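Here's a quick walk through the chain in front of you, with the bits worth a look as you rotate it. Have the viewer open and follow along.

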Amino acid sequence: MRVLLLVSAFNGLSQRAWCALREAGHDVGVLLATGAQDIIDGVAAAEPELILCPYLKDRVPAQVWRKYRTVIIHPGPVGDRGPSSLDWAITEGVTTWGVTALQAVQEMDAGPIWATRTFPMPVGAPRKSSLYQGPVADAAMECVFEVLAKAADPGFRPVPAAEMTIEVPGTRARPVMKQADRAFEWSLSSEQILRRIRAADGAPGVRTTVGGLEVFAYDAHPGLARGARPGTVLSRRQGAVLVATGDGSLWLGQLRDASRPGQVKLPATTLLGKRLHDVPDSPLPPGTEPEGPSYRQVRYRRTGPVGWLAFDFYNGAMSTGHCRRLLAALRHAAAQDTRVLVLRSGTDAFSNGIHLTAIDAAADPAAAAWANIKAINAVCREIISCTRQVVISAYAGSAGAGGVMLGLGADIVAARRGIVLNPYYDIGLYGSELHTYTLPRRVGADTAQRLIDAKLPVSAEQAASLGLVDEVGPRHPEAYTEWLTALAGRHAEARDARRRQSAKAKRLAAERVPLDVYEARELAEMSSDMFGDRSGFAAARKAFVGKLRPASTPAHLLLGPRTEQAAARPRQLNRPRAGSGSAADTQVRVRSAVPLSA
């Protein structure tokens with residue numbers, strides 16, 4: 001079937017749907033909703049049999065939905081209507097929620113129903129982005145495939161909403177949730193405040209006062225401290241601040257200045273700056289674990305012969321400080337007498353590479369970008385060169401650009417089913433993370449070049465078929481953890497571990513071109529992009545940080561056999577420049593960037 005995804009942005013769910021539908025044999029394209037007339041013209045040019053809207057904030061023009069079957073994927077159960085569905089569900093602590101596929105009509109979210117799913121809400125207050133990328137996205141994909149099956153049936157007619165059973169009590173049409181609905185006093189309980197902040201994460205945040213400054217708060221986590229005056233900033237750690245509540249405390253990882261329009265989210269300690277001069281730091285040395293809930297972006301533990309290094313950076317963005325903390329933890333983990341080291345991310349994101357927001361906010365963005373890329377390269381080098389343990393990179397969340405490349409130097413790459421990888425760079429940067437060494441060794445030089453040139457996402461399953469990923473585990477986070485534990489256990493068998501460690505040491509020793517050479521070549525290109533701005537890195541970075549909507553849909557996403565054939569045509573690998581030495585057989589020469597989903 002010819003399917004057009006009409007979306008406000010090619011976000012994670014849209015990319016997942018695009019990958020899954022293409023792999024199921026459908027002819028799929030994307031049209032960004034850049035304006036009513038652009039939508040009308042784009043749909044007319046595509047002539048789809050079905051329009052799906054997995055992520056659409058804009059109204060579908062009547063000229064479109066009256067002529068083409070158009071199905072909206074709404075993140076709420078039957079009976080729920082409005083643009084703040086997840087915000088209300090998290091804030092009110094509902095126990096069951098759902099997703100509905102409904103036909104576009106004049107009134108938003110009021111059309112007849114094509115498909116619906118319900119699911120239990122996670123225990124505790126989920127972060128909105130985690131809920132959306134997890135249970136909501138899974139239910140949405142089930143609805144998408146049910147819609148495709150019904151669309152192939154000439155006799156199918158969607159059911160009017162009024163005739164559907166309301167499975168979730170209390171659902172109704174709701175307005176946009178405003179700051180007045182989110183407001184709280186720090187004297188409230190930690191649970192109440194946590195729900196409000198997590199319901200607004202990552203947009204629009206909740207307006208409050210921290211350290212005497214009016215801010216929008218994000219990235220909240222339970223703390224351990226109790227008994228202090230509510231609203232007091234108690235301590236700081238790894239960019240976050242601990243604030244006292246009515247019955248305990250909460251860590252806030254990200255803040256945005258509310259007094260200056262147009263400002264972006266920054267680590268809380270960066271934004272508050274000198275306001276924290278009397279606030280004590282509370283570091284945790286590598287290898288130590290606090291009792292109970294606490295704020296820690298990098299954690300290490302071991303179970304017998306397996307070491308587990310978990311990291312979880314907000315939105316997958318890795319600043320220079322993040323990279324240095326992860327590097328220190330990696331070195332600590334590699335020094336232990338374990339046989340396997342599992343490097344595992346959170347489920348929201350594995351990594352999206354360097355921290356563009358922190359870079360753009362720096363006094364000297366070029367120098368900040370340079371420090372950031374060198375810091376993330378050091379992490380990549382540590383993974384590649386580790387021979388004391390069998391290293392498993394566990395992609396529990398989606399990844400993009402340098403974040404995809406980050407874990408490719410591991411002995412085994414294990415992805416969670418349903419995640420999406422964007423293995424290309426597209427923000428005016430050549431790219432580094434030693435990808436010119438690792439990527440061709442996994443998929444071959446020609447495929448490596450095609451992945452970067454195509455600038456298209458790949459599913460975990462497709463990545464496995466290409467060799468980018470070695471193992472694909474279950475979608476459910478708990479099932480993935482059990483599967484990953486069993487995988488690590490198999491490779492921790494002494495004989496297998498020694499064989500792999502020995503083979504890797506011999507392979508690294510036999511390399512004709514040192515890793516330093518690959519990194520030097522990449523950094524030479526990056527220096528021209530970061531300091532010379534030869535490919536528009538500064539403007540692209542500001543557009544990304546400012547979330548500027550694109551003026552048009554990139555041609556390679558549009559629906560149409562001509563565009564699709566062009567994207568699939570093999571491209572010639574760009575060889576290194578003269579004098580680049582004997583690594584020409586594996587060197588990949590690419591333009592680079594950040595994924596559309598970042």
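Start at helix α13 (residues 435-443): eight of its nine residues are buried, so the rest of the structure largely encloses it. Keep in mind that this is a predicted model. From there we'll go to a second enclosed helix, then the strands, the loops and the chain as a whole.

**Helix α13 and what follows**
- The buried set in α13 is His435, Thr436, Tyr437, Thr438, Leu439, Pro440, Arg442 and Val443.
- Burial here means a relative accessible area under 20%.
- Step just past the end of α13 and you hit glycine 444, which takes a positive phi of about 90°.

**Helix α7, another enclosed one**
- Helix α7 (residues 190-199) has seven of its 10 residues buried, so this helix too is largely enclosed by the rest of the structure.
- Those buried residues are Ser190, Ile193, Leu194, Arg195, Ile197, Arg198 and Ala199.
- What does the covering? The buried residues of α7 have cover that includes helices α4 (85-92), α5 (128-151) and α6 (179-182), along with strands β7 (206-210), β8 (213-222) and β11 (249-257).
- Arginine 182 sits in one of those helices, α6, and at 3% relative accessibility it counts as buried.
- Leaving aside residues up to four places away in sequence, arginine 182 touches Asp87, Met177, Arg196, Ala199, Ala200, Pro204, Gly205 and Val206.

**The loop between α7 and β7**
- This loop holds glycine 202 and proline 204.
- A cis peptide bond links aspartate 201 to glycine 202, with omega about -5°.
- Another cis peptide bond links alanine 203 to proline 204, with omega about 5°.

**The β7-β8 hairpin**
- Side chains alternate along β7: Val206, Thr208 and Val210 point to one face and are buried, while Arg207 and Thr209 point to the other and aren't.
- β7 runs antiparallel to β8, and five bridges hold the pairing.
- Which residue of β8 is the bridge partner of arginine 207? That's phenylalanine 216.
- The hairpin has two residues between its strands, and glycine 211 in the turn shows a positive phi of about 60°.
- Tyrosine 218 is also part of β8, and it is buried, with a relative accessible area of 2%.
- Going C-alpha to C-alpha, tyrosine 218 and arginine 207 are 9.6 Å apart in space and 11 residues apart in sequence.

**Strand β3 and its neighbors**
- Strand β3 (residues 50-53) is covered on both faces: Leu50 and Leu52 are buried on one side, Ile51 and Cys53 on the other.
- Strand β1 (residues 2-7) runs parallel to β3, joined to it by three bridges.
- One pair to find by eye is valine 3 with its bridge partner in β3, leucine 50.
- Strand β4 (residues 70-74) pairs with β3 as well, again in the parallel sense and over three bridges.
- Opposite valine 71 of β4 stands leucine 52.

**Positive phi outside glycine**
- Asparagine 315 isn't a glycine, yet its phi is positive, about 60°.
- You'll find asparagine 315 in the loop between β14 (306-311) and α9 (320-334), where it is partly exposed, with a relative accessible area of 44%.
- Lysine 455 is another non-glycine with a positive phi, near 55°.
- Lysine 455 belongs to the loop between α14 (445-454) and β20 (458-459) and counts as partly exposed at 24% relative accessibility.

**The chain as a whole**
- The chain has 20 helices and 21 strands.
- Its radius of gyration is 24 Å, close to the 25 Å that the globule rule gives for 598 residues, so the chain is as compact as a globular protein of that length.
- Along its principal axes, the C-alpha trace spans about 70 × 65 × 50 Å.
- How much of the chain is buried? Buried residues make up 54% of the 598.
- Take the contacts between residues at least 6 apart in sequence: 71% of them join residues at least 24 apart.
- The chain exposes about 24,600 Å², and carbon and sulfur atoms supply 53% of that.
- On charge, there are 72 positive and 57 negative ones, and their mean positions are 3 Å apart.

Technical notes
Residues are numbered from 1 along each chain as its sequence is written. This is a predicted model: local features need pLDDT of at least 70, side-chain atom pairs count only at pLDDT 80 or more; totals for chains, interfaces and linings use all residues. Side-chain values use heavy atoms; hydrogens and water are left out. Helices (H or I, at least four residues) and strands (E, at least two) are DSSP runs, numbered from the N terminus. The radius of gyration is taken over C-alpha atoms; the globule rule is 2.2 Å times the number of residues to the power 0.38. Buried means under 20% relative accessible area, exposed over 50%, partly exposed in between (1.4 Å probe, protein chains only). Contact means heavy atoms within 4.5 Å. Accessible areas come from the Shrake-Rupley method with a 1.4 Å probe; for residues, only the protein chains shown count as cover. Lys and Arg count as positive and Asp and Glu as negative; His and the chain ends are not counted. The place of a charge is taken as NZ of Lys, CZ of Arg, CG of Asp or CD of Glu. Two strands pair if DSSP finds at least two bridges between them.
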